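Please look through the model shown here with an eye to its charged side chains and to one of its helices. The paragraphs that follow take these in turn.

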Amino acid sequence: HTNNNNELTNTLSHQNETSRYDSLAQFSFGSDTVKIRESEPLPPFTGENTLVDRHISVAVVNLVGFHQYVAATPSNRVAKDHECMVSYIHEAAKKCGGVLDTFSGDKFWVSFNATTDCDESPIAAALFACEVASTINREASVYHRQLEQTLLATQITGRPPLAKPSIKFGAALRGATIGVSTGRGKVGTLGNSKVRRHAILSSVVSEAAALERMAGRYPDCGVMVGGDMIPAI
């Protein structure tokens, strides 16, 4: 789905994404698409504040039902499930040419062409979002279907079955919503002598977060992208 002049249009589909995903490295923009202006090279880390101008894309992932899950689950199990989720999102981002920049609880921020070079960041971010949303939502759906069958069997027999539902990277969650945005930004290292971190200065970050929140308002939406993403992909 896309948010463009307050109109929602169904533009992203997970169908036929596999072939594009596998050939991402060979993909080139056609003559009828928007050309992305060349980005400045990423600066080497020198211990000083440095910023460069680049075309970047950002995906914000939210785990739906995370806080309810945490409240009802032992701490050691939450820690293991969250570790699996971090590993999965990290690998999915890496495969698409992106970087898991940071995460906090139920939110994960993934950037493309900000921390490492990614020539076609809008396409990479869109493929990442489709892959992660469909995978997490599919696993969550399977888990809850198995859980419903388990509860039904318990009600009928009076005792729980021996087999318990399997959980893959936190599939006990309700699913995921993702917002994706693209545009210009300044990236580099900021801070002082006490604290220095990689930073992205761009409205792209806040727009991706806003799109993620909007995706949560529409049932079965999963992924919502900004209007600037459409001509770029």
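Which side chains meet in a salt bridge with an N to O distance of 3.3 Å? In this predicted model, they are the side chains of Arg77 and Asp81. Because Arg77 and Asp81 lie 4 residues apart in helix α3 (residues 75–95), about one helical turn separates them. An α-helix has 3.6 residues a turn, so residues three or four places apart point the same way. Arg77 is partly exposed, at 36% relative accessibility, whereas Asp81, at 7%, counts as buried.

The count of salt bridges comes to 4, and among them are two that link distant parts of the chain. Asp53 and Arg184 pair through their side chains at 2.5 Å, N to O, and this joins strand β3 (residues 50–64) to strand β6 (residues 175–191) across 131 residues. Here Asp53 is buried, with 17% relative accessibility, while Arg184 is partly exposed at 26%. Arg54 forms a salt bridge with Asp117, their closest N and O atoms being 2.6 Å apart; Arg54 is in strand β3, and Asp117, 63 residues away, is in the loop between β5 and α4. At 2% relative accessibility Arg54 counts as buried, but Asp117 is exposed at 56%.

Helix α5 (residues 203–215) has 13 residues, which at 1.5 Å a residue should span 18 Å, and its end C-alpha atoms are indeed 18 Å apart. Its buried residues are Val204, Ala208, Ala209, Leu211, Glu212 and Ala215; they cover an arc of only 160° around the axis and therefore lie on the same side of α5. The face turned away from that buried side carries the exposed residues Ser203 and Arg213. At the start of α5, a side-chain oxygen of Ser202 comes to within 3.0 Å of the backbone nitrogen of Val204.

Terms used:
Residues numbered from 1 in each chain as written. Predicted model: local features only at pLDDT ≥ 70, side-chain atom pairs only at ≥ 80, totals over all residues. Heavy atoms only, no water. Expected span 1.5 Å × (residues − 1). Buried < 20%, exposed > 50% of the residue type's maximum accessible area, 1.4 Å probe, protein only. Arc of directions from axis to C-beta. Polar contact = N/O pair within 3.5 Å; in protein donor to acceptor, adjacent residues only side chain to side chain.
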